[in-house]
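Here are my notes on the model you asked me to look over. I went through the ligand shells, then the helix packing, then a few backbone oddities.

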Amino acid sequence: MNAFPPHNRTLPPSDGLTEAERARILAKAAAFAPPSMQDAEGRRELVGLSREELAAEMVAMGEKPFRAKQLWHWIYHQGARDFAAMSSIAKPLQARLAERFTIGRPGVTTEQTSTDGTRKWLFAFRDGQQVETVYIPDEDRGAVCISSQVGCTLSCTFCHTGTQRLVRNLGAAEIVGQFMAARDSYGEWPTPTGEDRRLLSNIVVMGMGEPLYNYENIAKALTIIMDHEGIGLSRRRITLSTSGVVPMMDKCGAELGVNLAVSLHAVTDELRDEIVPLNRKYPIAELLAACRRYPGASNARRITFEYVMLRGVNDSEAEAHELVRLLRGLPAKVNLIPFNPWPGAPYKTSTPEAVNRFAAILNDAGYSSPIRRPRGRDILAACGQLKTESERAKRGGAA
Ligand code: SAH
Ligand code: SF4
């Protein structure tokens with residue numbers, strides 16, 4: 001009964017090695033599974049269930065499966081959080097649903113809005129774990145940057161989240177919940193239709209964590225978000241950023257077909273091994289080959305390469321030329337991200353001159369290469385920073 005058929009492609013042919021590697025990655029993810037989505041009274045959370053799971057819950061309580069369709073509409077189209085508001089459902093059934101289920105949101109630990117309009121939340125989940133979510137406005141739209149894990153197992157040297165160990169994966173409810181809570185905050189329910197104003201028009205999975213190391217929960221959450229009887233964001237409005245988990249990139253392309261962003265950050269394996277240590281497992285050539293295989297890599301759906309600009313480390317003109325050579329033939333765009341400093345970071349931001357020179361070389365070669373403006377500087381926008389500040393405050397230490 002899924003109204004949004006999964007992206008209709010099969011995985012590219014792969015050898016048994018890749019298959020085994022995928023199985024290993026999925027098994028490891030399960031070891032960091034989120035806690036059960038039941039509250040202290042034993043009521044089950046409905047957000048994050050697939051349509052099939054929701055229908056099964058209805059059948060288990062003696063109701064017809066079509067109730068799942070009604071609930072889906074109320075939860076994901078209307079944004080209802082209270083069964084009593086569901087006017088198409090009779091009162092006695094509303095009461096029975098309320099005994100068994102909840103429609104939750106993450107708790108808001110802090111919400112801050114920057115002078116430039118960026119809004120940042122620190123959300124807390126049932127077990128007290130916290131992640132960051134950021135809304136980044138653009139002229140007539142905006143993107144919600146959501147987190148996929150509490151912490152990260154990878155330890156990219158320029159990334160603040162990389163200094164935190166992986167605590168656990170987020171569940172589908174917690175991933176969808178970040179976007180739903182952001183919509184609550186902007187009053188964007190019910191789901192806008194047609195040409196309606198829509199501030200929260202896009203999602204970027206670029207917050208804390210490596211989404212392809214939490215693939216199953218991310219896939220489930222994005223499938224819910226893309227369902228057009230609910231939140232209804234098209235896969236073209238969703239971008240998933242990975243540091244380069246090659247075996248899972250194929251799966252993501254085949255099953256979800258969302259836009260892909262790849263955190264490249266270096267043009268030689270020698271440097272990338274150091275700053276993105278995952279490169280030791282999946283080096284640049286393998287990563288770019290996976291990008292070439294990514295479905296829909298046409299001009300209209302270019303792959304975004306993220307490139308953090310670290311002063312004197314990866315920002316020379318020679319490196320810009322080498323990047324052009326590496327990307328040859330790939331429909332790509334390069335997002336140049338001036339390094340966002342955090343206390344104790346071992347890097348400095350590239351000078352504006354170096355960033356502009358780098359961008360000019362890419363542009364001359366035909367690659368769109370926007371320079372990301374620093375956003376929300378006044379509210380600690382560097383990934384992972386708000387969380388650390390909050391924990392420091394809890395411990396009573398000074399910032
Ligand atoms: N784990 C995924 C997604 C989360 S990180 C990934 O690595 O792609 C999202 C993006 O922010 C990545 O491109 C990452 O390299 C970049 N990033 C992390 N810390 C940064 C910092 N301090 N300054 C600038 N960009 C940073
Ligand atoms: Fe993890 Fe991405 Fe940060 Fe690397 S950049 S440590 S993969 S969150």
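1. One convention before the ligands: helices and strands here are DSSP runs, a helix being H or I over at least four residues and a strand being E over at least two, numbered from the N terminus. Keep in mind too that this is a predicted model. With that in hand, β10 (238-242) and β12 (303-309) each supply at least two residues of the shell around ligand 1.

2. Staying with ligand 1, which residues come nearest? Of the 17 residues around ligand 1, the nearest are C159, S243, S263, E306 and N340. Sorted by class, the ligand 1 shell holds nine nonpolar, six polar and two charged residues.

3. Ligand 2 is surrounded by C152, L154, S155, C156, C159, T161, G162, G209, E210, S243 and S263. The class count for this shell is four nonpolar, six polar and one charged. If you are comparing the pockets, note that C159, S243 and S263 are listed around ligand 2 and also come up among the nearest residues to ligand 1.

4. Now the overall picture. The protein chain has twelve helices and 13 strands. Of its 399 residues, 41% are buried. As for the contacts with a separation of 6 or more, 69% are between residues 24 or more positions apart.

5. Helix α2 (residues 51-60) packs on helix α3 (residues 66-78) at about 120 degrees, and their axes are 8 Å apart. Why call α2 oblique to α3? Because of that angle: it falls outside the ranges for roughly parallel, roughly antiparallel and roughly perpendicular, the last of which runs from 65 to 115 degrees. The crossing of α2 past α3 is right-handed. On the α2 side the contact uses R51, L54, A55 and M58, and on the α3 side R67, A68, L71 and W72. By class that contact has six nonpolar, no polar and two charged residues.

6. Helix α7 (residues 246-255) has V246, P247, M248, M249, C252 and G253 as its buried residues. α7 packs with helix α9 (residues 284-293) at an angle of about 5 degrees, the axes being 9 Å apart. That angle makes α7 roughly parallel to α9. V246, M249 and D250 of α7 meet E286, L287, A290 and R293 of α9. The class tally for this contact is four nonpolar, no polar and three charged residues. V246 and M249 are worth a look in your viewer, since they are on the list of buried residues and also take part in the contact with α9. Just after α7, G257 has a positive phi of about 65 degrees.

7. One more helix pair: α10 (residues 317-327) and α11 (residues 352-364) have axes that come within 9 Å and cross at roughly 25 degrees. That makes α10 roughly parallel to α11, and their crossing is right-handed. From α10 the contact takes E317, A320, H321, L323 and V324, and from α11 it takes R357, F358, I361 and L362. Counted by class, there are six nonpolar, one polar and two charged residues in it.

8. Two backbone spots to check. Most residues other than glycine have a negative phi, and most peptide bonds are trans. Which residues does a cis peptide bond join? W189 and P190, with omega about -10 degrees. P190 is in the loop between α5 (172-186) and β9 (202-205). The other spot is H265, a residue other than glycine whose phi is positive, near 65 degrees. H265 sits in the loop between β11 (259-263) and α8 (269-275). Is H265 buried or exposed? It is buried, because 25 other C-beta atoms lie within 10 Å and the cut-off is 20 or more.

9. Last, V150 in strand β7 (residues 149-150). V150 is buried too, with 24 other C-beta atoms within 10 Å. Leaving out residues up to four places away in sequence, V150 touches Q129, V131, V167, R168 and L170. The C-alpha atoms of V150 and Q164 are separated by 8.7 Å, the two residues being 14 apart along the chain.

Definitions and conventions: Residues are numbered from 1 along each chain as its sequence is written. Chains are lettered from A and ligands numbered from 1 in the order in which they are written. This is a predicted model: local features need pLDDT of at least 70, side-chain atom pairs count only at pLDDT 80 or more; totals for chains, interfaces and linings use all residues. A residue is near a molecule or strand if its C-beta atom, placed from the backbone, lies within 6 Å of it. Ala, Val, Leu, Ile, Met, Phe, Trp, Tyr, Cys and Pro count as nonpolar, Asp, Glu, Lys and Arg as charged, and the others, Gly among them, as polar. Axes are lines fitted to C-alpha atoms, for helices over the stretch in contact, and angles run from 0 to 180 degrees between N-to-C directions. Angles under 35 degrees count as roughly parallel, over 145 as roughly antiparallel, 65 to 115 as roughly perpendicular and the rest as oblique. A crossing is left-handed if the near helix is turned anticlockwise from the far one by less than a right angle, and right-handed if clockwise. Two residues are in contact if their C-beta atoms, placed from the backbone, lie within 7 Å. A residue is buried if 20 or more other C-beta atoms lie within 10 Å of its own, exposed if 12 or fewer, and partly exposed in between; C-beta atoms are placed from the backbone.
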